[in-house]
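Grab your viewer and work through a few short exercises. Each one gives a task, then a solution that goes step by step.

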Amino acid sequence: MTLDLARTVVGSELSERSLRAFALGLPGVDAIGLEQRAASLATRSIKTTSKRWALDTIISLIDLTTLEGADTPGKVRSLVAKAVLPDPSDPTCPQVAAVCVYGDLAHVAVEALGSNHAGGGGTINVAAVATAFPSGRASLRVKLADTADAVEAGADEIDMVIDRGAFLAGRYGEVFDEIVAVKEACRRSDGSSAHLKVILETGELATYDNVRRASWLAMLAGADFIKTSTGKVSPAATLPVTLLMLEAVRDWHRLTGDLVGVKPAGGIRSSKDAVRYLVTVAETAGERWLDPRLFRFGASSLLNDVLLQRQKIETGHYSGADYVTID
Amino acid sequence: MTRLAVPKTYKLFIGGAFPRSESGRTYEVLGANGDFLANAAKASRKDARDAVVAARKAVSGWSGATAYNRGQVLYRVAELLEGRRAQFVDEVQASEGLSRRDAEAQVDEAVDTWVWYAGWADKFVQVAGNANPVAGPYFNLSVPEPTGVVAVVAPQGALSLLGLVAVVAPALVTGNAVVAIADERHPLSAISLTEVLATSDLPAGVVNVLTGSAAGIAPWLASHADVNALDLAGAAELDWVDLQIAAADTLKRVLPPDGRDVATRSLERIGAFTETKTVWHTKSML
């Protein structure tokens, strides 16, 4: 079904050749213009009540993340506790959108969330990274098993990585087919499907043109979200790259009517940065995208900074790290 | 041939760098005779916030350095101060209208004070720490540890260099990081001190100096939850009781003004910005 849409957009049967022709036929990115546009959006000053609204919105858009080799069930449980009640001193503080963990810990997150889990009457989703995250260097068989495992463990969202090696070698059809296959593996036994976020790892794609091509490939293959980075590669999310991806989902929406989300991840640590992203979303894709279903921040330390800013507004004085939980 | 004057516009000292005030504001510094001396940056609350962030970042490294190392670094600062003696004397004289002799005496005393405190860096813990007597097979040890980030309002209106040194140095000795508000009307010697600190071995952020209105910045530092202690040495003219109340809300050590122009050298000043840690250890595991 989705592939019918892809066929219509590409304008022919889907093959390595046609996808390649389509991706290479996308208009080139004006790098200077893109960066200037991002820089000008970043100058906007958000104050008082708008700032308060922005801070709460940021929290509700966060995928609270822990993706370390040293993650333990205890670490995931404390992450979940923070996701459920970000600021224990202020019960009006909104909950985050999701917790993002490695696939083998997804079941721990689901259990710890309990009634706060989206599947159990709450609103918080469990996102699991899969497909040999972060490198993606494994056979398709292993990647699909990785994905199916995480879905079975109760993950509501799967964050997959594209095969950057294949993409940079120009084998766009292979990248496309893999996303389609992983999307299929997201299907649950009851017929519903986990949401699929496709990580482009823009820090490894070298050019803005490649980011645009990868975004379109992912959307053609049925991605529910396109995500900038794993957070393991520098540079991770940047404002220009996110702006470019927002333009892609906007254009995709105009073309097909489908709504695809965007998730910048990695390197967004301050509220000030995050507010700039909100401005960029609203000015590019539209305010409709300021919704956890269509925009997320992949972040861990960002939440504490937002909480400090909220406390500053609340109390009238600057807050400090002693007044938020340690991650 | 007459040369054109080269009027200077100084900046703040935050995190080892010299940024302009976030507010973009400056103010004129006038000499004792009313002549224009320089422009100084007028720090805003956001500069104070940035300074606290820089200080907080510096605390772990500075307090984690060995006491011996801290002593060496502080002594090196004194060497550099001595090397710039003539400049400090000129600035103090022009700014405060002192006689040459009084200006020299002030600068000498400032360097000596710095050396005096530098010497205490690897001795203070022995004096202030203790092996406590207990009625059991335990060691019970008390040791002073630095409080963390100390905000200092430097003495205002008299002996600008010595006043600042006499409150900043004792806080540094045990490993605290300092955010200091310089003498508002006589900030030049404080600014030159920051140039000394920037070229010494002192890690970035251990000392941050804000010039501008003490009345404007002090309340933000007093109420800042990430500041651990407040030295109100130069706040006698301000509404320091309110500052103390604001500080109490966020659980700070506060040293109220004591009415002197220059804080006397004392171990109490060092001890004021330490917290005593007491540990038990059994003797029987030997």
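**Exercise 1. Place a valine and check its distance to a serine.**
Task: Find the element that holds B:Val143, then get its C-alpha distance to B:Ser99.

Solution. Keep in mind that this is a predicted model.
- Step 1: B:Val143 sits in strand 4 of chain B.
- Step 2: Its relative accessibility is 29%. Buried would need under 20% and exposed over 50%, so B:Val143 counts as partly exposed.
- Step 3: Along the sequence, B:Val143 and B:Ser99 are 44 residues apart, and their C-alpha atoms lie 45 Å apart in space.

**Exercise 2. Now try a serine in helix 7 of chain B.**
Task: Is B:Ser189 buried or exposed, and what is the C-alpha separation between it and B:Phe88?

Solution.
- Step 1: Helix 7 of chain B covers residues 188-198, and B:Ser189 belongs to it.
- Step 2: With 3% relative accessibility, B:Ser189 is buried.
- Step 3: B:Phe88 is 101 residues away along the chain, yet the two C-alpha atoms are separated by 6.1 Å.

**Exercise 3. Sort out the sheet around strand 4 of chain B.**
Task: Which strand order does the open sheet of three strands in chain B have, and which strands are at its edges?

Solution.
- Step 1: The order is 3-4-10, and the pairing is antiparallel.
- Step 2: Strand 3 (130-131) and strand 10 (274-282) of chain B each pair on one side only, which makes them the edge strands.
- Step 3: Look at the pairing of strands 4 and 10 of chain B: they run antiparallel and are joined by nine bridges. One pair to pick out is B:Leu141, whose bridge partner in strand 10 is B:Val279.
- Step 4: That pair turns up again on the surface. Together with B:Phe139, B:Leu141 and B:Val279 make a nonpolar patch of about 220 Å². B:Phe139 is in strand 4 of chain B, which spans residues 138-146, and is partly exposed at 38% relative accessible area.

**Exercise 4. Trace the parallel pairing in chain A.**
Task: Say why strand 5 of chain A is largely enclosed, and follow the chain on to strand 6.

Solution.
- Step 1: Strand 5 of chain A runs over residues 195-199, and four of its five residues are buried, so the rest of the structure largely encloses it.
- Step 2: On one pairing, strand 4 (residues 157-161) of chain A joins strand 5 in the parallel sense over five bridges. A:Met160 has A:Val198 of strand 5 as its bridge partner.
- Step 3: Strand 5 of chain A also pairs with strand 6 (residues 225-227), again in the parallel sense, over three bridges. Here A:Lys197 stands opposite A:Phe225.
- Step 4: To get from strand 5 to strand 6 of chain A, the chain passes through helix 10 (residues 208-220), and this β-α-β crossover is right-handed.

**Exercise 5. Split a helix into its two faces.**
Task: Which residues of helix 2 of chain A are buried, and which exposed residues are on the face turned away from them?

Solution.
- Step 1: In helix 2 (residues 16-25) of chain A, the buried residues are A:Ser18, A:Leu19, A:Phe22 and A:Ala23.
- Step 2: Viewed down the axis of helix 2 of chain A, these fall within an arc of 130 degrees, so they line one face of the helix.
- Step 3: The face turned away from the buried side carries A:Arg17, A:Ala21 and A:Gly25, which are exposed.

**Exercise 6. Hunt for backbone oddities.**
Task: Where are the prolines that follow the cis bonds from A:Phe133 and A:Ser234, and where do B:Leu159 and B:Leu251 lie?

Solution.
- Step 1: Start from the background: most residues other than glycine have a negative phi, and most peptide bonds are trans.
- Step 2: The bond joining A:Phe133 and A:Pro134 is cis, with omega about 0 degrees. A:Pro134 is in the loop between strand 3 (125-129) and helix 7 (140-152) of chain A.
- Step 3: The bond from A:Ser234 to A:Pro235 is cis too, with omega near 0 degrees. A:Pro235 lies in the loop between strand 6 and helix 11 (239-256) of chain A.
- Step 4: B:Leu159 has a positive phi, near 45 degrees. It sits in the loop between strand 5 (149-153) and helix 6 (160-173) of chain B and is partly exposed at 27%.
- Step 5: B:Leu251 also has a positive phi, about 55 degrees. Its loop runs between helix 9 (240-249) and strand 9 (253-255) of chain B, and at 76% relative accessibility B:Leu251 is exposed.

Notes: Residues numbered from 1 in each chain as written. Chains lettered and ligands numbered in written order. Predicted model: local features only at pLDDT ≥ 70, side-chain atom pairs only at ≥ 80, totals over all residues. Heavy atoms only, no water. Buried < 20%, exposed > 50% of the residue type's maximum accessible area, 1.4 Å probe, protein only. Helix = DSSP H or I, 4+ residues; strand = E, 2+ residues; numbered from the N terminus. Pairing = 2+ DSSP bridges. Right-handed = clockwise from strand over helix to strand, strands pointing away. Patch = residues over 30% accessible without salt bridge, like charges linked within 9 Å, V, L, I, M, F, W, Y side chains within 5 Å. Areas by Shrake-Rupley, 256 points an atom, 1.4 Å probe, with all protein chains shown as cover. Salt bridge = Lys/Arg side-chain N within 4 Å of Asp/Glu carboxyl O. Arc of directions from axis to C-beta.
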